[in-house]
Amino acid sequence: LQLTQNYYPSVGGGIRYKKEFADYFRSLGHRVDVLCINSESEMSIEEKEGGTIYRTPNNFEFNSALISFKYFKWFKKLAPQYDMLHFNFPSPMPDMALVHYASILNEETLISTYYHADIVSAKRFSGIYNYFYTHKFLELQDKIFVSNPRIADSSPYLEKVKEKIKVLPFGIDLSKYK
């Protein structure tokens with residue numbers, strides 16, 4: 001289960017990565033479902049070849065984070081069924097769901113995240129979020145992926161979890177640029 005704030009057909013480089021991640025593992029025969037927040041204010045469930053996309057209703061946006069009151073409900077319903085959960089940090093609703101409901105997961109469930117960036121102090125309430133969620137979220141991870149070793153070396157939040165970090169550069173499909 002890939003847990004994220006937004007997903008294709010929303011736009012952006014991170015969204016392209018999330019879709020390609022799901023498509024790649026589906027091409028290997030794995031079922032990959034996605035739990036994300038809809039750009040609309042309604043629930044949507046889309047069956048795709050190799051997986052289902054669950055989009056919880058978007059209630060509002062705060063500090064560029066989509067807020068969905070039903071995201072936690074769907075996390076509690078879906079997450080215990082999967083052998084692996086994959087996050088994209090920072091995504092506040094999925095991150096908070098894991099911190100609040102990690103105890104309902106199976107002990108064998110693998111948890112990983114692609115750590116894209118720190119939540120910086122320029123964002124309102126970032127200090128509170130980092131204090132209550134970032135450290136705990138990272139402690140719950142079995143593996144933390146970063147695209148560049150400088151992210152791991154410069155982040156004060158990754159300092160205590162260095163043994164979990166693996167540098168995994170973003171892949172580029174060169175055929176798209178011919």
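**A hairpin, its sheet and its salt bridges**

In the hairpin made by β3 and β4, two residues separate the strands, and one residue there, G50, adopts a positive phi near 90°. This hairpin belongs to a predicted model, and it makes a convenient starting point for a walk through the sheet. The two hairpin strands, β3 and β4, run antiparallel and are joined over five bridges. Within this pairing, E46 has I53 of β4 as its bridge partner.

On to the wider sheet. Eight strands build an open sheet with mixed pairing, and their order is β3-β4-β2-β1-β7-β8-β9-β10. The edges are formed by β3 (44-48) and β10 (165-167), each of which pairs on one side only. Strand β4 (residues 51-56) also pairs with strand β2 (residues 34-37), this time in the parallel sense and over four bridges. Here V34 has I53 in β4 as its bridge partner. I53 is thus a bridge partner of E46 and also of V34.

How well is β4 covered? Six of its six residues are buried. The cover extends to both faces of the strand: G51, I53 and R55 are buried on one side, while T52, Y54 and T56 are buried on the other.

Helices come next. Helix α2 (residues 71-78) lies across β1 (2-3), β2, β3, β4 and β7 (84-89), and runs at about 175° to β2. Helix α3 packs on the sheet as well, where it touches β1, β2, β7 and β8 (110-115). The direction of α3 makes about 135° with that of β7. Spanning residues 92-101, α3 is mostly covered, with eight of its 10 residues buried. The buried residues are P92, M93, P94, D95, M96, A97, L98 and V99.

Charged side chains complete the picture, with a count of seven salt bridges in the model. One of them joins R31 to D33, with the closest N and O atoms 3.2 Å apart. Is each partner buried or exposed? R31 counts as exposed because its relative accessibility is 52%, whereas D33 is buried because its relative accessible area is 2%.

R31 has a further partner, E47, and the side chains of these two residues meet in a salt bridge at 4.0 Å, N to O. Because R31 lies in the loop between α1 (13-27) and β2 while E47 lies in strand β3, the pair ties together parts that are 16 residues apart in sequence. Both R31 and E47 are exposed. Through E47, then, this salt bridge involves β3, one of the edge strands.

Another salt bridge links K48 with E46, where the closest N and O atoms are 3.8 Å apart. K48 counts as partly exposed because its relative accessibility is 42%. E46 is partly exposed too, because its relative accessible area is 23%. E46 thus takes part in this salt bridge and also has I53 of β4 as its bridge partner. Elsewhere, K19, D23 and R26 are joined into one network by salt bridges that share partners.

Definitions and conventions: Residues are numbered from 1 along each chain as its sequence is written. This is a predicted model: local features need pLDDT of at least 70, side-chain atom pairs count only at pLDDT 80 or more; totals for chains, interfaces and linings use all residues. Side-chain values use heavy atoms; hydrogens and water are left out. Buried means under 20% relative accessible area, exposed over 50%, partly exposed in between (1.4 Å probe, protein chains only). Two strands pair if DSSP finds at least two bridges between them. Contact means heavy atoms within 4.5 Å. Axes are lines fitted to C-alpha atoms, for helices over the stretch in contact, and angles run from 0 to 180 degrees between N-to-C directions.
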